[in-house]
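Notebook open, model loaded. I want to see how the strands pair up here and what packs against them.

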Amino acid sequence: MASLGQRAGSYICSELCGTALNQRHYSTSRVDWKQLRPMILKRIKKRSKDYPIKRMIPVAEEVVRAREIVNEGVSRLLKVVPVQSCKFCPEAHIGATGHQMKTCYGFKCMIKDRPHEWQPGNLNDILVPVQAFHQKNMFEDEIKHDQRFDFTRVPAVLELCHHAGADIPDEILYKSEQISDTLKTNNQQSALILPDELRYIGQRTLDAWEYLRLGVTKLLLVYPSKVCKHCSEVHIGQSGHKARMCGVFKFEGWKGMHKWNKAGVDDLVPQKIVWHRRPHDPPVLVDGGRDYYGHAPAVIELCMQVGAIVPPKYHCMMKTHGLAPPVR
C-alpha cells in the first residue's frame, strides 16, 4: 500500500506540475498540496471549456420538448379522466372513486393501516414536481446557506437540460409548477374530445413520457447530479449545495446539512406508482385483494385508460395475467 501511495503521489505531481517537478523525487509524504492546489483549480477551470458537450445538446432539447408534451397531455387528460388524491398522504388513484385499501400513513407517517380520505386530484398528483437551484453553469461556486434565497428554484429536469446546452425560453424555465383553479378539480365541465383524438393524446403523452425518462438517463451519464440521502432534495452540479434544508428530524445533529448521493432518473422524474385495476378485478379495489392487484406509474395508468398501448415492460408490474382475488 505504501508503494502504491508513493506511485500515486508521483503520478499526480507529474501530471499537474510537468517536467519541472519531475527532476526531483517526490514521495507521498513530501507532496506540497498547498503548491498543487492552484494548479488543480486551474485544471478544473480549463475543463469547463469542454462543456456543454455538443453531441448531448440535441438530447437535452428533445427532453425539454418531451416534458412539454407530457405536461400538456396530462393536463388535457385530467379534464376527461377522474383522478383522486388522499387528503392526508401522497397516495393517488386513477378512477371515479378511490380504492378501499388501508394504506394511509398520514402527514408524518405516524399512523398506518388507515383508509384514505379521497378528494379530487390535480396535475401534481400525477407529475410529482422536483425543483433545484438554478445556476448559470455547472462550474459555479457552491451555494452557501446564506445564499439560498439568491438563487431561483426551477424544475430539476430543465436545470439539467440547461447545463447540457439546451436553449430554454424563460416562460418555460420559470413557469410555476402550481396549476390554476380551472385544472384543480376533475368534476368541471370539459370540452368534448372525440375518442380517436383522446386515444391519440394518450399515446403521444405515453411515448413522450418514455422518451423523457430515457433522455434524462442519457444526460445523467454525462452531467453529474446529486440527491440527498435522507430527503428528496436534488441538486444539479458537481457537488451538492450547502443550504441546510434537510428536514429529517432524527438527523438534526447535522444542523440540516444534506447527505449527497448520486442522483438517478427516478429522483428527477419520479414515477408516481398507483394501483392498477384489471378487467377481471372488482369495480372498487378492496383491501382484501391487495396481494392480487397490480401497480402502474400514474402517467401510464392515465394514458392506458384512454386507449394507449402500454409497453410490455410494465405488464409484470401490472399483473396483467394475474389471478383475481377470491370472492367472499
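I started with strand β6, residues 225-228, in this predicted model. Three bridges join β6 to β7, and the two run antiparallel. For a register check I looked up Ser 225, which stands opposite Ile 236 in β7.

Next I traced the whole sheet. It is open and has three strands, in the order β7-β6-β8, with antiparallel pairing. I noted the edges as β7 (234-236) and β8 (260-262), since each of these pairs on one side only. I also pulled the twist: ignoring direction, neighbouring strands of this sheet are turned by 35° against each other on average.

Then I asked which strands α6 touches when it packs on the sheet. I got β6 and β7, and the direction of α6 makes about 15° with that of β7.

Helix pair next. I took α6 (residues 156-163) against α8 (residues 195-220): their axes come within 11 Å and cross at roughly 50°. That angle is why I log α6 as oblique to α8. I put the handedness of the α6 and α8 crossing down as left-handed.

Who makes the contact between α6 and α8? On the α6 side I listed Val 157, Leu 160 and Cys 161. From α8 I have Leu 212, Val 216, Leu 219 and Leu 220. Sorted by class, the contact of α6 with α8 comes out as seven nonpolar residues, with no polar and no charged ones.

Last jotting: α6 touches β6 and β7 of the sheet, and α6 also has a contact with α8.

Conventions. Residues numbered from 1 in each chain as written. Predicted model: local features only at pLDDT ≥ 70, side-chain atom pairs only at ≥ 80, totals over all residues. Heavy atoms only, no water. Axes fitted to C-alpha atoms, helices over the stretch in contact; angles between N-to-C directions. Helix = DSSP H or I, 4+ residues; strand = E, 2+ residues; numbered from the N terminus. Parallel < 35°, antiparallel > 145°, perpendicular 65-115°, else oblique. Left-handed = near helix turned anticlockwise from the far one by under 90°. Contact = heavy atoms within 4.5 Å. Nonpolar A, V, L, I, M, F, W, Y, C, P; charged D, E, K, R; others polar. Pairing = 2+ DSSP bridges.
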